[in-house]
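Here are a few exercises to work through with the model open beside you. Try each task before you read its solution.

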Amino acid sequence: MAKWVYSFGNGAAEGTASMRNLLGGKGANLAEMSSLGLPVPPGFTITTEVCTWYYDNGKSYPDTLAAEVSEALAKVGEVTKRRFGDPDRPLLVSVRSGARVSMPGMMDTVLNLGLNDQTVEALAREAGDRRFAYDSYRRFIQMYSDVVLGLDHNEFEEILEDYKSRNELTLDTEIDADAWLGIITKFKARVEEELEKPFPQDPQEQLWGAIGAVFSSWMVPRAVTYRRLHDLPASWGTAVNVQAMVFGNMGENSATGVAFTRNPSTGEKALYGEFLVNAQGEDVVAGIRTPQNITEKARQAAESSSPSLEALMPDAFAEFQSYCDRLEAHYTDMQDLEFTIEDGKLWMLQTRNGKRTAKAALKIAVDMVSEGLLSEEEAIGRVEPGALDQLLHPTIDPSAKRDIVTTGLPASPGAASGQIVFTSDAAEEARAAGRKVILVRVETSPEDIHGMHAAEGILTSRGGMTSHAAVVARGMGKPCVAGAGTLRIDYRNGVINVAGRQLKLGDTITIDGATGQVLSGQVEMLQPTLSGDFGTLMGWADKVRRMRVRTNAETPHDAKVAREFGAEGIGLCRTEHMFFEGERIIAVREMILADKEEGRRTALAKLLPMQRQDFTDLFEIMHGLPVTIRLLDPPLHEFLPKSDEELAEVAAAMGAEPELLRDRALELDEFNPMLGHRGCRLLVSYPEIAEMQARAIFEAAVAAAKTTGAPVVPEIMVPLVGIKAELDLVRQRIEAMAKAVTEETGSEIAYQVGTMVELPRAALRAAEIAQSAEFFSFGTNDLTQTTFGISRDDAASFLGTYQSRGILEQDPFVSLDQEGVGELISIAAERGRSTRPDIKMGICGEHGGDPASIGFCETVGLDYVSCSPFRVPIARLAAAQSALRNKAN
């Protein structure tokens, strides 16, 4: 029979720290602290499985739950020598949530439960303090009404503030017992007035109301949003912890506080926290009273005149310090603790691994190795790879005020402020004039590349996490908010309308690429810093990881940045991205619009020296490291001239009539260009393109090898192959160019030819394709698109709904769909190796920088991942963690 309730307290517990999936983090750690003999108020945990049952069965409970709760409550009564609902010796409890992963402030809590008109008098008699008892009762009415009955807490704050104002009082602690009694009467009257029923007096009704409220809070919008932002599944559920109350508001010898065993901002090894005398837990975080420092050192640093806990209650402080040291050593991690001192007696209410900045995480991990608490491999697992973004990009100061205009998708991390511009040319002009700007577009295209480069950040109203704006911004290391669908961008009048507000050309805004928020005005930033701890941890990670980490780069700047971040080659050079500037785009348009091979070859001859120099630069920067170059793969619509001015430019270059070119452009226009004449299809139709690019690659390889003295072995990737014969035709042209350049230069050229697996057919026919391919690179952006049949540029309009309704747990363009797309990768890997056992395999879509997707790549046995330059450190750490997990399994 299922067990739904686990008890703890009095030096024993039915659970352990290892049971966090069942008991939640809070319940598991309360059980662990109890077993360690720490002073923990007794209580019990209702498991996360009850939460799952609750939602699967119409918000009802298992039949045996009530009996188990009653039995556990009786055990708490035996330990405390009290009875729940007893009018003379009442047991009062707190009811708190507790998911397996900490979600601070996201779910609900009720304190002082069990108080009513009778038990409050018993509490007053026992404590010898009517004021304390009535203060506790009013807190309970206010909290329970808000959390369980749905009556906003401001209803009660108005009554309270009105009383203090009329009596010229500042603090709640100045209100005496009789006054509290009068306020309680008004609180209860407000409940009855608003809800048309009295405040519940039955403790059992109170308890089950609070349990239901905690379970219900698992699905409130703030909790749903938090889980989405932190990739936490809704299926996990929350536990409920019911625990005997201890009171920090019992007078001047009582207190409550929170503390970290190390500084969560810097990682410094020093107790860090705050407390309040004569208060309950919510007072510390509510900001009504100014908390005091726990240690004397911190008080002096803050130049505070309020005494520290160390000075005020030295015995309790010394005991608390000893528990901090003991718990940190036990969990081998920085702890976040809550405590209450009731009439001089210390009680431990919570311990959990503390949230921390990336800077602190690195320092704590490295320091704990030197302190002998962790091994190097354990330290690698203590830093969240995604958190490294904080170290690589500017971030918004947590203390800064945020005037949120709207929220889009957090498409590229970092934050930036600047004046609004609507065109790429305007962005470039502003940069030349020394002004910082944010480029605002409905969506970007490859022709916006110069404006994106000039802008501090990019904001679009359309597009998803793998849209053009998102992919290019991540490659540049610039913040981007995409798909902010509430923005109405009026290019003609130079304004943005959103939620009743209007922003104009030249107005200053701030974008936060970590949260997707768009903020009005300029907001204070924190600049990134890389400490020696970063290099130390990365060195440890590099020693244990199996997969190599390459970068997606096609400019010398990106390649240099990636090398500095530890990239071990280029896994994807998108050659089409090299053609959107200056004379190049005119030559490309010439080539596309030419209706005869002769015209195309004339245009390609203009591009050859440019491409040769591009590839030479990349080979020299990589200095013998592998470089994978994808042959031209543009959806043609991205290159076709769109304005009369652009048509005239191409016509002049070709010596042709603009109207003839307009007709040719219309012929080439496609209904669905992403699945149209692109990739290897373009190379099959126009083999001269593959010849030009292959020649440029081989000539560059010869030149770079002579310059650097390092051998260059280019990997030439043929895109969008679905049929082996496509690859064979293109490969023939590549091999012919290799032979020609060898004869012309007298240099033997080593190279590999492979393909990008981005179509389901390619994955299924991998055994056959591997006969002609020496490597596979999984292009997971398009493979996801073609597997789901979803346009990645339009998916943002409905994927949020899919996630909120539980159809998808994550955006498959952000984190790899391991069940569907992942199965195709597994099939392709297995079948490709069956033909060519030594075939090299990697991933080069945006998933190459996603830690969860990297973990999947490790299980499939891929040789490398490739990602944008600023995600290289993230990928290095994630690859190391994946290798360690794989080894452990």
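**Exercise 1: an enclosed helix**

In this predicted model, helix 34 (residues 851–860) is largely enclosed by the rest of the structure, because seven of its 10 residues are buried. Your task: find which residues of helix 34 are buried, and which elements they pack against.

*Solution.*
- Step 1. Go through the helix and pick out the buried positions: Ser 853, Ile 854, Gly 855, Phe 856, Cys 857, Glu 858 and Val 860.
- Step 2. Look for what covers them. These buried residues pack against two helices, helix 33 (821–835) and helix 35 (872–888), and two strands, strand 31 (840–843) and strand 32 (864–867).
- Step 3. Step past the end of the helix. Gly 861 follows helix 34 and has a positive phi, near 85°.

**Exercise 2: cysteines without partners**

Work out how many disulfides the whole structure holds, and why Cys 680 has no bond to Cys 844.

*Solution.*
- Step 1. Search the whole structure: the number of disulfides is zero.
- Step 2. Recall the cut-off: the two cysteine sulfur atoms of a disulfide lie within 2.5 Å.
- Step 3. Apply it to Cys 680. Its closest cysteine sulfur belongs to Cys 844 and is 15 Å away, so the pair is too far apart for a bond. Cys 680 has 0% relative accessibility and counts as buried.
- Step 4. Turn to Cys 867, which is in no disulfide; its nearest cysteine sulfur is that of Cys 857, 11 Å away. Cys 867 is buried too, with a relative accessible area of 2%.

**Exercise 3: a strand with two neighbours**

Are the residues on the two faces of strand 3 (residues 43–46) buried or exposed? Then trace how strand 3 is joined to strand 1 and to strand 6.

*Solution.*
- Step 1. Begin with the general pattern: side chains in a regular strand alternate between the two faces of the sheet.
- Step 2. Sort the residues by side. Gly 43 and Thr 45 lie on one side, Phe 44 and Ile 46 on the other, and all are buried, so both faces are covered.
- Step 3. Follow the pairing to strand 1 (residues 5–9), which runs antiparallel to strand 3 and is joined to it by four bridges. Here Ser 7 stands opposite Phe 44.
- Step 4. Do likewise for strand 6 (residues 238–244): four bridges join it to strand 3, again antiparallel. Gln 243 in strand 6 is the bridge partner of Gly 43.

Technical notes. Residues numbered from 1 in each chain as written. Predicted model: local features only at pLDDT ≥ 70, side-chain atom pairs only at ≥ 80, totals over all residues. Heavy atoms only, no water. Buried < 20%, exposed > 50% of the residue type's maximum accessible area, 1.4 Å probe, protein only. Pairing = 2+ DSSP bridges. Contact = heavy atoms within 4.5 Å.
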